[in-house]
Amino acid sequence: MSSAEERAGIIRLSAAEIGAAVKAGTYSAVQVTEAFLDRAAEVDGDISAFLHIDRETALAQARSVDTRLAAGAELGPLAGVPVAHKDVFTTVDMPTTAASKILEGWRPPYDATVTARLREAGMVILGKTNMDEFAMGSSTENSAYGVTRNPWDLSRIPGGSSGGSSAAVAAFEAPLATGTDTGGSIRQPAAVCGLVGAKPTYGGSSRYGLIAFASSLDTPGPFARNVLDAALLHEAFSGHDPHDSTSIDAPVPAVVEAARRADVEGMRIGVVKEFAGDGYQPGVLQRFQEAVELLESLGAKVVEVSCPSFDTALAAYYLIAPSECSSNLARFDAMRYGLRVDDDGTRSAEDVMSLTRAQGFGPEVKRRIILGTYALSSGYYDAYYGSAQQVRTLIKRDFDAAFQDVDVLVSPTAPTTAFPLGERADDPMAMYLADLCTIPTNLAGNAALSVPCGLAPEDGLPVGLQIMAPALADDRTYRVGAAFEAALRSKNGADLLDSSPYAP
């Protein structure tokens with residue numbers, strides 16, 4: 001086998017298969033890491049998934065895994081598996097910028113909990129991926145360092161805000177990636193790139209060391225090419241963290257066991273009535289309906305469920321999230337770390353702060369800070385932020401009522417497939433609608449998973465099926481997702497990514 005053939009064989013393996021191969025000695029962790037680093041060097045000029053790749057540090061991590069295995073150490077199932085890491089998690093050995101000029105070149109003094117747990121699992125961090133600045137966006141067009149492109153069609157968006165991570169996995173530059181989901185920023189990129197993406201229960205994965213956008217919504221989660229791999233990564237970095245005051249002190253749901261079970265016989269599945277109609281691409285609705293029929297054929301009982309408050313979720317989210325953003329981003333004041341502009345000794349601290357923020361923040365971040373500051377201002381707090389929190393309670397009650405009758409809810413993950421780069425750049429409202437189906441789960445703090453459910457007939461681009469479950473019932477999403485994935489693979493005779501232009 002030639003080295004090129006061997007590399008192609010490695011990068012097509014699932015994360016579970018790579019972990020098993022490294023443990024068995026079929027491949028070394030260094031061989032695997034080199035294969036993915038070479039792949040990134042070959043294709044990332046087209047994709048721009050990564051902001052930073054540190055080849056030497058990655059290979060050093062891989063050598064450490066090989067040394068520990070040679071010494072007889074017992075390592076986990078993802079030891080030696082490379083991972084692309086969203087540039088919103090702090091890393092002591094790489095810059096962390098949140099794709100913003102205001103943090104250009106910043107090297108944190110500590111690792112995020114998610115980062116530390118990846119290292120503890122023996123995973124190899126290849127580098128940091130591109131994103132919408134401070135995770136604000138649905139297309140990765142808001143990065144201060146340029147756009148990322150969708151491997152299915154380089155003229156289209158890879159989703160956002162975790163678009164660099166989704167593109168890296170879809171282009172086979174990494175078998176796994178991390179992301180964060182504030183209003184759909186894992187599930188929507190996963191859907192438009194033909195991947196599996198999970199939003200864990202809020203508090204199920206630690207926010208310590210995650211650069212904050214909206215603290216009551218931000219949730220770290222995994223990207224993968226199949227459901228089992230996503231479950232393995234989910235399990236690797238989740239669990240209680242005393243450093244995070246919102247972390248849930250409870251066992252991690254049995255997501256890996258559920259992914260291996262892959263059975264929906266007798267489960268009750270609710271189709272959300274509100275997630276259809278105007279604004280939904282016909283091909284998306286067609287593939288969604290076929291997915292529902294496939295689940296029914298596997299023995300699930302499917303019923304229609306109405307959640308009327310979901311119609312107000314988008315408006316509530318775009319008051320709550322910008323309000324929390326306004327508060328969180330106040331720390332970027334040019335005094336403590338990051339960019340400092342025109343501090344020549346003649347200007348006041350207020351002037352330097354204003355000039356720094358003007359140059360350091362991008363247009364979308366400024367828009368949300370202004371919106372959030374206004375919503376929190378005296379005389380408007382109750383009318384806007386307070387009312388939005390009341391709507392949030394109604395959304396949670398709708399979920400609770402629905403889960404009295406069904407085990408999971410399903411919907412399209414996004415109303416459309418990947419749209420062209422630049423199409424919505426000057427229309428914030430059109431951009432915000434990309435998260436129409438995903439936002440309610442974030443507001444309620446529940447768990448959700450997106451799995452590929454085919455290609456839309458009108459454009460040949462991936463469509464996602466969203467599976468939603470109650471808080472701490474993440475395992476249900478993996479159980480349904482894995483059963484659906486296996487049935488779809490059997491029906492089509494291949495995985496969706498096999499038809500991608502960037503499949504090796």
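This dialogue walks through helix packing, pockets and unusual backbone spots in a predicted model.

Reader: What should I know about the model before I start?

Author: This is a predicted model, in which local features need pLDDT of at least 70 and side-chain atom pairs count only at pLDDT 80 or more, while totals for chains, interfaces and linings use all residues. Residues are numbered from 1 along each chain as its sequence is written, and side-chain values use heavy atoms, with hydrogens and water left out.

Reader: How are two packed helices described, and at what angle do helix 3 and helix 4 pack?

Author: Two packed helices are described by the angle between their axes and the distance between the axes. Axes are lines fitted to C-alpha atoms, for helices over the stretch in contact, and angles run from 0 to 180 degrees between N-to-C directions; helices (H or I, at least four residues) and strands (E, at least two) are DSSP runs, numbered from the N terminus. Helix 3 (residues 29–47) and helix 4 (residues 55–70) pack at about 155 degrees, with their axes 8 Å apart, and they are therefore roughly antiparallel to each other. The cut-offs are under 35 degrees for roughly parallel, over 145 for roughly antiparallel, 65 to 115 for roughly perpendicular, and oblique for the rest.

Reader: Which residues of helix 3 and helix 4 make the contact?

Author: Contact means heavy atoms within 4.5 Å. Helix 3 contributes A29, V30, T33, E34, L37 and D38, and helix 4 contributes R55, A58, L59, A62, R63, V65 and D66. These residues divide into seven nonpolar, one polar and five charged, where Ala, Val, Leu, Ile, Met, Phe, Trp, Tyr, Cys and Pro count as nonpolar, Asp, Glu, Lys and Arg as charged, and the others, Gly among them, as polar.

Reader: How do helix 11 and helix 13 cross?

Author: The axes of helix 11 and helix 13 (residues 363–375) come within 7 Å and cross at roughly 100 degrees, and the two helices are therefore roughly perpendicular to each other. Their contact holds seven nonpolar, four polar and one charged residue. Helix 11 (residues 313–328) also comes within 9 Å of helix 14 (residues 382–405), axis to axis, crossing at roughly 125 degrees, so helix 11 and helix 14 are oblique to each other.

Reader: How is empty space found, and how much of it lies in the largest pocket?

Author: Rolling a probe the size of a water molecule over the atoms shows where empty space is left. On a 1 Å grid over the protein atoms alone, probed at 1.4 Å, a pocket is an open set of points with protein on both sides within 12 Å along at least five of seven lines, and lining residues have an atom within 4 Å of a point. The largest pocket holds about 590 Å³ of space. It has 28 lining residues, of which R225, N226, E485, R489 and D495 are the closest to its centre. Helix 17 gives the largest share of this lining, six residues.

Reader: Which element gives the largest share of the lining of the second largest pocket?

Author: The second largest pocket has about 260 Å³ of space, and helix 13 gives the largest share of its lining, four residues.

Reader: Which backbone spots are unusual?

Author: Most residues other than glycine have a negative phi, and most peptide bonds are trans. A99, although not a glycine, has a positive phi of about 55 degrees, and A99 sits in the loop between strand 2 (82–86) and helix 5 (113–120). A cis peptide bond, with omega about 5 degrees, joins G160 and S161.

Definitions and conventions:
Grid points are joined across faces, edges and corners, and a volume is the space filled by probe spheres set on the points.
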